[in-house]
Amino acid sequence: SAPKTPEYKLVPHRDFYLISGIHSPEEIDQIQKWEIRDTDIFIITYPKSGTIWLQQIVSMIEVRGNVTATLDQLNAIRIPWMEMNVGEEFANAPSPRLRVTHLHYKFIPLGLKQKRGKVIYVARNPKDIMVSYFHFHIYANMLETPKDFNSFFERFMEGKVFGNCWFEHIKAWYSHRQEMNFLYITYEDLIQDLSAAVDRICVFLERDLTAQEKENVVKHSTFQNMRKNPTANYQAMPSHFNHDKGHFMRKGMVGDWKNYFTVAQNERFDQAFQEKMRDLPLTFVWEI
Ligand code: A3P
């Protein structure tokens, strides 16, 4: 099918796709040299793993649960994209600097490997990621609409999407976790016990919130409340998305892949998972 906006396309750069018209390879190559402060916080995800969820939670923690302090600022302003943010802006920003990225491990600021700053890696079971990403391709203007789920399945398996191969992304970040101040948390952890997940994040970030403040963070980070909150869900950012064709806050559940995968696709996926994740001690919740 024809691209919606032909000026956007996936262009490989150091074996990682960038979106032309959005990402600049020159800027991205500068990121490694960014000077990192101990107070910097990075949220790292493969697309569709709950990025905006963490943007909401972490920015709500930073204002100690006071939602009115966030309502005049889009999540992408509260926690901007590393790959769209020029280095100068980052260098001059006041602490604590919060950033989010889908980039592969190989592009990261080297200071993170000296245990400066903090990294929160959010993972999600990749079958649900695939389904969420399929829908995202339909309404995100910068991505080409897939012909159908089957064709998207093949593209995802080949890693021909922004974020590239899911297996490579998680493997690279996770296997280097000991170099960094690193919190690994999953979408399914958040689904199963949001309050406990917020606690873990507060401890990791060394933010001492009262029980009431934490309760407010949780309340404003639920699926229902984020769906209604245009500054949390990209509704207030019309340029990149066709909101008639979908919603960032689509289903918010574990196991929707069962409505899409054929038995054969599921077997193929499981086999690939077993082979490629052999060396990683990670398990996922596939359904609840
Ligand atoms: P679905 O498409 O499966 O609904 P990302 O921000 O990385 O693009 O991830 C988006 C996915 O996270 C969407 O998944 C979205 O519904 C889900 N999500 C975001 N906030 C959520 C929340 N508060 N509760 C449950 N799911 C959430």
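How far does α5 reach from its first C-alpha to its last, and what is expected at 1.5 Å a residue? In this predicted model, the 14 residues of α5 reach 20 Å, close to the 20 Å expected. The chain has an average pLDDT of 95, and 98% of the residues score at least 70. For the complex, the predictor gives an ipTM of 0.99 and a pTM of 0.96.

Helix α5 is mostly covered, with 10 of its 14 residues buried. The buried residues are Pro126, Lys127, Asp128, Ile129, Met130, Val131, Ser132, Tyr133, Phe134 and His135. They pack against α6 (149-158), α7 (166-175) and α12 (263-276).

Phe153 is placed in helix α6. With 20 other C-beta atoms within 10 Å, Phe153 is buried, because the cut-off for a buried residue is 20 or more such atoms. When its neighbours within four places in sequence are left aside, Phe153 is in contact with Met130 and Gln265. Met130 is among the buried residues of α5. Lys127, also buried in α5, lies 26 residues from Phe153 along the chain, and the C-alpha atoms of the two residues are separated by 9.7 Å.

The ligand is surrounded by 20 residues, of which Thr51, Ser132, Phe223, Arg250 and Gly252 come nearest. Two or more residues of this shell are given by each of the elements α2 (51-62), α5 (126-139) and α11 (223-228). By class, the shell comprises six nonpolar, nine polar and five charged residues. Ser132 thus appears both in the list of residues that come nearest to the ligand and in the list of buried residues of α5.

Helix α9 comprises 12 residues (194-205), which should span 16 Å at 1.5 Å a residue; the end C-alpha atoms are 16 Å apart, in agreement with that value. Its buried residues are Ala197, Val198, Ile201 and Leu205. Seen down the helix axis, these residues fall within an arc of 100°, so they line one face of α9. An α-helix has 3.6 residues a turn, so residues three or four places apart point the same way. The exposed residues Ala196 and Val203 are carried on the face of α9 turned away from its buried side. The buried residues of α9 pack against β3 (41-45), α2, β5 (118-123), β6 (182-186), α8 (187-192) and α10 (211-219). Among these elements, α2 also gives residues to the shell around the ligand. After α9 comes Glu206, which has a positive phi, near 55°.

Methods: Residues are numbered from 1 along each chain as its sequence is written. This is a predicted model: local features need pLDDT of at least 70, side-chain atom pairs count only at pLDDT 80 or more; totals for chains, interfaces and linings use all residues. A residue is near a molecule or strand if its C-beta atom, placed from the backbone, lies within 6 Å of it. Helices (H or I, at least four residues) and strands (E, at least two) are DSSP runs, numbered from the N terminus. Ala, Val, Leu, Ile, Met, Phe, Trp, Tyr, Cys and Pro count as nonpolar, Asp, Glu, Lys and Arg as charged, and the others, Gly among them, as polar. The expected span of a helix is 1.5 Å times one less than its number of residues. A residue is buried if 20 or more other C-beta atoms lie within 10 Å of its own, exposed if 12 or fewer, and partly exposed in between; C-beta atoms are placed from the backbone. The arc is that of the directions from the helix axis to the C-beta atoms. Two residues are in contact if their C-beta atoms, placed from the backbone, lie within 7 Å. pLDDT is the predictor's confidence in each residue, from 0 to 100.
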